[in-house]
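I opened the notebook to record what I looked up in this structure, one entry for each topic.

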Amino acid sequence: MYVTAAILSVLLALVTLAAGAPKTVLKGDVSAGLQSHMGLSAGLVRFIGLAEVSATVGLIVGLFWQPLGIAAAIGMALMMIGAVGYHIQVGDYANPETRGNALAAVVLVPFFAAAAVTLVLAI
């Protein structure tokens with residue numbers, strides 16, 4: 001079970017780092033879109049990015065100390081559920097132009113949940 005937890009944790013850490021780093025420095029299309037299209041403040045976008053980068057660290061360190069990895073995976077699953085709710089609120093799933101980006105949060109929730117479960121089982 002540890003191998004599965006390690007693979008999931010490393011892959012999800014790469015995803016969260018790739019998503020969080022540009023938001024932390026407010027660079028790129030995603031940060032601009034969150035501010036213009038979704039109406040988020042620059043501070044909130046930076047906070048989301050910092051949470052994602054922190055989850056990256058938590059997922060990697062969690063391979064050696066599972067409680068941290070479990071917390072990081074659960075935290076990211078909850079954050080993605082919140083993102084789904086926000087995308088619903090602004091109508092992204094009804095708009096074919098924005099649906100693709102919004103679906104990333106839906107797809108990631110089960111993977112973060114699986115990472116948390118496999119880390120629990122690896123203890």
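Against which helices do the buried residues of α3 pack? I noted that this is a predicted model, and then found that the buried residues of α3 pack against α1 (2-24), α2 (28-36), α4 (66-90) and α5 (96-121).

**Entry on confidence.** I looked up the pLDDT and found that the protein chain averages 93, with 100% of the residues scoring at least 70. Among the elements of the chain, α3 has the highest mean pLDDT, 96, and α2 the lowest, 85.

**Entry on α3.** I checked the length of this helix, which covers residues 42-61: its 20 residues reach 29 Å from the first C-alpha to the last, close to the 28 Å expected at 1.5 Å a residue. The buried residues that I listed for α3 are Val45, Gly49, Glu52, Ala55, Thr56, Gly58 and Leu59. I kept in mind that an α-helix has 3.6 residues a turn, so residues three or four places apart point the same way.

**Entry on α1.** I compared the end C-alpha atoms of α1, which are 31 Å apart, with the 33 Å that its 23 residues should span at 1.5 Å a residue, and the two agree. In α1 I found Ala5, Ala6, Leu8, Ser9, Leu12, Ala13, Thr16, Gly20, Lys23 and Thr24 buried, and what covers these buried residues includes α2, α3, α4 and α5.

I then asked whether serine 9 is buried or exposed. Serine 9 counts as buried because its relative accessibility is 0%, where the cut-off for buried is under 20%. Leaving aside its neighbours within four places in sequence, I found serine 9 in contact with Leu59, Leu63 and Leu119; of these, Leu59 is one of the buried residues of α3.

**Entry on leucine 26.** Just after α1, in the loop between α1 and α2, I came upon leucine 26, which has a positive phi of about 55 degrees although it is not a glycine. I set beside this the general point that most residues other than glycine have a negative phi. Leucine 26 counts as partly exposed because its relative accessibility is 25%.

**Entry on α4.** I found that α4 has 25 residues and reaches 36 Å from its first C-alpha to its last, close to the 36 Å expected at 1.5 Å a residue. Its buried residues are Gln66, Gly69, Ile70, Ala72, Ala73, Met76, Ala77, Met80, Val84 and His87, and they pack against α1, α3 and α5. Following α4 is glycine 91, whose phi is positive, near 80 degrees.

**Entry on valine 109.** I located valine 109 in helix α5 and, leaving aside its neighbours within four places in sequence, found it in contact with Ala77, Met80 and Ile81. Valine 109 and methionine 79 are 30 residues apart in sequence, and I read their C-alpha to C-alpha separation as 8.8 Å.

**Entry on the largest pocket.** Which helix supplies the largest share of the lining of the largest pocket? I found that it is α5, with eight residues, while α1, α2, α3, α4 and α5 each supply at least two. The pocket has a volume of about 790 Å³ and is lined by 32 residues, of which Lys23, Val30, Leu34, His87 and Asn101 lie nearest its centre. By class, I counted 20 nonpolar, seven polar and five charged residues in this lining. Two of the residues nearest the centre had already appeared in my entries: Lys23 among the buried residues of α1, and His87 among those of α4.

Notes
Residues numbered from 1 in each chain as written. Predicted model: local features only at pLDDT ≥ 70, side-chain atom pairs only at ≥ 80, totals over all residues. Heavy atoms only, no water. Helix = DSSP H or I, 4+ residues; strand = E, 2+ residues; numbered from the N terminus. Expected span 1.5 Å × (residues − 1). Buried < 20%, exposed > 50% of the residue type's maximum accessible area, 1.4 Å probe, protein only. Contact = heavy atoms within 4.5 Å. 1 Å grid on protein atoms, 1.4 Å probe; cavity = no way out; pocket = protein on both sides within 12 Å on 5 of 7 lines; lining within 4 Å. Points joined across faces, edges and corners; volume = space filled by probe spheres on them. Nonpolar A, V, L, I, M, F, W, Y, C, P; charged D, E, K, R; others polar. pLDDT = per-residue confidence, 0-100.
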